[in-house]
Amino acid sequence: RLCELLDNAGRGWRKLAELAGAEKRFKCSAEELEMCSLKVLEPRGSPTQCLLQLLAERDCTLRYLLGCLERMGHEQACRVLSSAVQDTICITVQPESQVVAEGTQVSLTCCASGPPGLAYQWFCGRQEVPGAMSPELVIDTATLAGQSKWYICRVNCGATFTFSMWAHVQVEKSSSPSSASGYCPTMAGLQILQQPRPCHLAEGDTLVLECRAIGNPPPQYQWFRNQRPMEGAQAPQLQVKLVTTAERGSYSCCVFNLFHEVWSQEVDVEIGEGPRQASVTPHLLCSQAGVSHSITTTPSPILAATDKVALLIGNMHYLHHKQLQAPMVDVHALGALLRQLDFKVVSLLDLRKAEMQMAVDEFLLLLDKGVYAGLLYYAGHGYENFGNSFMVPIDAPSAYTSEHCLCVQRVLWEMQQRRTGLNIFLLDMCRKRNLNDDIIPQVGALEVTANIVFGYATCVDAEAYELSQGELSNGIFITFLKRWLLEDEKITVLLDKVAEDMGTLEITRGRQALELRSNLSERRALTDPIRPPGQDESSARNLQWAKAHVLPESQHLRFDCGVTVQLGFAAEFSNIMIIYTRVVAAPKDITKCEARLADIPEELDVDLKCTNKESPEELGSPLAPVWSLGCPSCCLYSRICGLQKLRQELAFTICLQYRYQGMDDFVEERQRVNVGRPLIAKLNLQ
């Protein structure tokens, strides 16, 4: 229906493309508009259909599309969309299942967005809960008499309705015979009911450890081995199949919620040697002539780094190419693991060519002789020509060449000039031939340093894939790399294990396989310790790195009316910051007030529809559950992207709107705030 209305030369699809392009990520290039216009030459072609497909690929929402049609003044098109958009009810906060102690109160929450006048009704099983017609349901477990119940919430507006997910409330008696006798009685809000037990297994067995707890809010879990967190071990039961002696050690579980933290007892897991234990024999070294020489091995010296530094770049929102989903989650997951290994990590999203070059230049300043600097990870579009790999920035034109991209081998040459101890490149990108580019770049002669490792997510002339499993899915490479990254293994051995795991994935077999290139002669590992050469050199590097990680300090703003507003900050990446505002004090004669962010600098990537939101989830970031853990409740949240583009200090306005008792109109006060150059903006990449 929209195609019929907009396939004309008046207020048609071209006007829609112009208005939609006010948001940078929805702006169509001249080539794309020409592609749309040529659809009229096809028997059933439609320029509007082609344009809508382009907008859909860039995650344009129906509400944004409706707003563009309204600005066009196209009433018929608005009517076509309005009923579908306005009647949509979306559950934004689902109730969570909980295990609680008998006699306590438990709260379930369901929040939804949609048309005005949403109504809520809670059900216990198939029965309505009398009077439970608000987003929050408070249950007194004393009335459940040791039973477990299922709850669900219906949200409706008139005849349109939707249901939340089911939430299971299980009531446990605190004096249960399975309870651990060792938990601290002061932790009344969080109690461990079942402790893990020590065990002795043979190689090839399955390790199962279990830790169960009750609490309100519901408990979360993190398993540790030898006092180090285990990746992906966030469930009450820890299960490791086909164990080897590498799984030996002391295990414990940290149980926590918003208010409390308690640790389980630490238990030892012993893994017996298998029958095929390797004997110590001399190694054989083969010469090119095919003659074997027997040599005896000597103990290797303990290798150490003067420092460990990583630059992680993820490009997702391309201006002229297909949008990607996984780089955000991949960069975040890899950065979290590398920090556990004491790497200094700078993580950046969505960089243009000049910004990528400046980020690499700043990265090189962190490097010095002996530094394990070489962890450069890139996720995004890429290609390979004549043995050189190229990273594609988000502003690359549709027919890009090496002139518009960054050459990985040139970065390696620059790293070698810094005399680094280990250079690792993890390239999570396609390596197809670029037919638009026939230029062979002059990189310069690389030195023979025996310290270079390339881990390619795919083979030459092949593509790298990301799985479509929701917003928080990793790409295939990082999915398997996460399993091994914390292991104390030579980096090449570690990547070999990743390659073997990737080979078990059926859907990419024959289409994507990890390729490892290395001339590494020593047993260098990501877990090697850091031994700084001198305080002055180390301090200078630390100061340089720290610049990109400093958040503005939280502050309290006091307004003339007597209201006090807290202004706080959180970091999602080195170039993405969350700003939240919260009213912490107000006079009694003020009945309602809120503090909103306004007048944000235009050069930053800020979607105004994703500012001043009442919950972190509304900002549209898949990582909101991660960074929001450190934020207080009852805030308004705004997500500020592209801090590397900041040319001056970050200044904005806090707009306070409040209403006195007995008055209908709101009063407004404004304060200008300057927070300096936060995070990566301090490095002045412009």
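In this predicted model, the largest nonpolar core is built from 69 residues, and Tyr378, Phe425, Phe652 and Ile654 are the ones with the most contacts inside it. Helix H8 (residues 353-365) supplies the largest share of this core, 5 residues. Domain 4 (307-530) and domain 5 (548-682) each put in at least three residues. Tyr378 is worth a closer look: setting aside neighbours within four places in sequence, its contacts are Ile313, Asn315, Tyr318, Met356, Met391, Val392, Leu426, Leu427, Asp428 and Met429. There is also a second, separate core, this one of 50 residues, with Leu338, Leu526, Ala570 and Cys631 among them.

Leu338 brings us to helix H7, where it is one of the buried residues. H7 covers residues 326-340, and at 1.5 Å a residue its 15 residues should span 21 Å; the end C-alpha atoms sit 22 Å apart, so the two values agree. As 11 of those 15 residues are buried, H7 is largely enclosed by the rest of the structure. The buried set isn't purely nonpolar in name, including Asp330 alongside Met328, Val329, Val331, Leu334 and Leu337. Just past the end of H7, Asp342 adopts a positive phi of about 70°.

A positive phi turns up again in a hairpin made by strands S26 and S27, this time at Phe386 in the turn, with a value of about 55°. Just 2 residues separate the two strands. S26 (residues 382-385) and S27 (residues 388-391) run antiparallel and pair over 4 bridges, with Glu384 partnered by Ser389 of S27. Neither face of S26 is left open: Gly382 and Glu384 are buried on one side, Tyr383 and Asn385 on the other.

Definitions and conventions. Residues are numbered from 1 along each chain as its sequence is written. This is a predicted model: local features need pLDDT of at least 70, side-chain atom pairs count only at pLDDT 80 or more; totals for chains, interfaces and linings use all residues. Side-chain values use heavy atoms; hydrogens and water are left out. The expected span of a helix is 1.5 Å times one less than its number of residues. Buried means under 20% relative accessible area, exposed over 50%, partly exposed in between (1.4 Å probe, protein chains only). Two strands pair if DSSP finds at least two bridges between them. A nonpolar core is a set of buried Ala, Val, Leu, Ile, Met, Phe, Trp, Tyr and Cys residues joined through side-chain atoms within 4.5 Å. Domain bounds come from an automatic or database domain assignment. Contact means heavy atoms within 4.5 Å.
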